[in-house]
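Biologist: Please take a close look at the aromatic rings in this model and at what lies around them. I would like one connected account, with the setting of the whole chain at the end.

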Amino acid sequence: MEATIHRMKLFLFDMDGTLYLGDRLFDFTPALLNAIRASGGKYLFMTNNSSKSVEDYIKKLSHLGIASTREDFITSSQATAYYLHKHHEGQALYVCGTESLKAELRYEGFTVTEDLNAVQCIVMGFDTELTFQKLHDVSYLLLTRPNLPYIATNPDLVCPTEFGSVPDCGSVCICIKNATGREPVVIGKPSPLMPQLAMERLGIGPEETCVVGDRIYTDVKSGLNAGITGILVMSGETTPAILAESPDKPHLVLQDAGEILKILQKTED
């Protein structure tokens with residue numbers, strides 16, 4: 001385990017369930033981030049949660065005591081924008097998502113519209129502002145225009161909270177599939193796109209990059225799909241039973257990301 005951690009130059013951290021849980025920062029997080037940079041390594045915050053913009057995350061981390069800049073993040077919203085630029089440049093979007101997601105896509109230069117006649121592509125996100133009208137609009141668009149592109153920011157079924165879980169984007173997509181028969185193109189983890197964009201941005205290869213997260217089916221699998229090291233932490237959603245039953249196995253399993261800190265501190269000593 002120590003040899004694997006020592007080899008890493010880029011740590012891609014899931015956030016909720018890995019560095020904090022809800023509004024509770026894990027005690028080890030500040031020291032861990034400082035230790036990575038002190039050792040010459042780099043890290044990015046990599047999240048599937050598209051309900052918040054990068055600016056929202058900067059504010060959230062600041063509230064928790066962690067300073068960050070826009071360059072410290074790779075999000076499913078950013079990866080979705082990258083995909084849209086590549087495949088649906090200039091198209092008007094109907095966004096079933098939060099105002100923050102809409103702002104992020106507008107920041108990337110896209111037109112967001114609620115005029116159903118003008119819609120050229122649908123984007124589904126983790127919508128903490130979900131209404132039945134949005135579900136109605138998406139269903140109407142998919143059923144009356146079967147060739148309309150349909151993109152989802154992430155496949156997560158649930159989002160962890162201090163009390164358990166709430167439905168995430170993947171659960172709403174299942175709801176829409178039940179109504180329309182349509183499934184989206186899914187962008188976020190476990191797609192390798194975000195790890196690939198991160199490595200490209202920082203110029204670090206897969207043999208020196210790892211993803212650290214609390215979910216096998218998104219975090220770890222994105223690492224496996226990208227050919228990098230997948231590290232599972234048991235501080236969030238995954239239980240021993242889920243780990244035992246999963247066909248996808250992480251390279252390392254840690255009780256929490258604080259174990260990485262212990263290894264880095266041991267090196268300093």
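Modeller: F13 is buried, with a relative accessible area of 0%. This is a predicted model, and the values here are computed from it. The ring of F13 pairs with that of F11, and the pair is stacked: the centres are 6.0 Å apart and the planes make an angle of 10 degrees. The angle is under 30 degrees, so the pair counts as stacked. F11 counts as buried too, at 2% relative accessibility.

The structure holds five aromatic pairs. Elsewhere, ring pairs join Y43, F45, Y57 and F73 into a cluster. Y107 has a charged partner: the charged end of R70 sits over its ring, 4.1 Å from the centre.

Strand β1 covers residues 10-13, β4 covers 42-47 and β5 covers 73-75. These three strands are among the elements against which the buried residues of helix α8 pack; the others are α4 (76-87), β12 (209-213) and α9 (216-226). Helix α8 itself runs over residues 193-202, and its buried residues are L193, M194, P195, L197, A198 and M199. In an α-helix there are 3.6 residues a turn, so residues three or four places apart point the same way. Just after α8, G203 takes a positive phi of about 70 degrees.

The cysteines add no covalent links, as a search of the whole structure finds zero disulfides. For C121, the nearest cysteine sulfur is that of C173, 13 Å away. For C173, the nearest is that of C169, at 4.0 Å; a disulfide needs the two sulfur atoms within 2.5 Å, so this distance does not qualify. Both C121 and C173 are buried, C121 with a relative accessible area of 0% and C173 with 9%.

As for the whole chain, its secondary structure comes to eleven helices and 14 strands. Of its 269 residues, 58% count as buried. Among contacts between residues at least 6 apart in sequence, 69% join residues at least 24 apart. The radius of gyration is 19 Å, which agrees with the value near 18 Å for a compact globule with 269 residues. Along the principal axes, the C-alpha atoms fill a box of roughly 65 × 40 × 35 Å. The chain exposes about 11,600 Å², and carbon and sulfur atoms supply 52% of that area.

Definitions and conventions:
Residues numbered from 1 in each chain as written. Predicted model: local features only at pLDDT ≥ 70, side-chain atom pairs only at ≥ 80, totals over all residues. Heavy atoms only, no water. Buried < 20%, exposed > 50% of the residue type's maximum accessible area, 1.4 Å probe, protein only. Helix = DSSP H or I, 4+ residues; strand = E, 2+ residues; numbered from the N terminus. Contact = heavy atoms within 4.5 Å. Phe/Tyr/Trp six-rings, centres within 6.5 Å; stacked < 30°, edge-to-face > 60°. Lys NZ or Arg CZ within 6 Å of the ring centre and 35° of its normal. Rg over C-alpha atoms; globule rule 2.2 N^0.38 Å. Areas by Shrake-Rupley, 256 points an atom, 1.4 Å probe, with all protein chains shown as cover.
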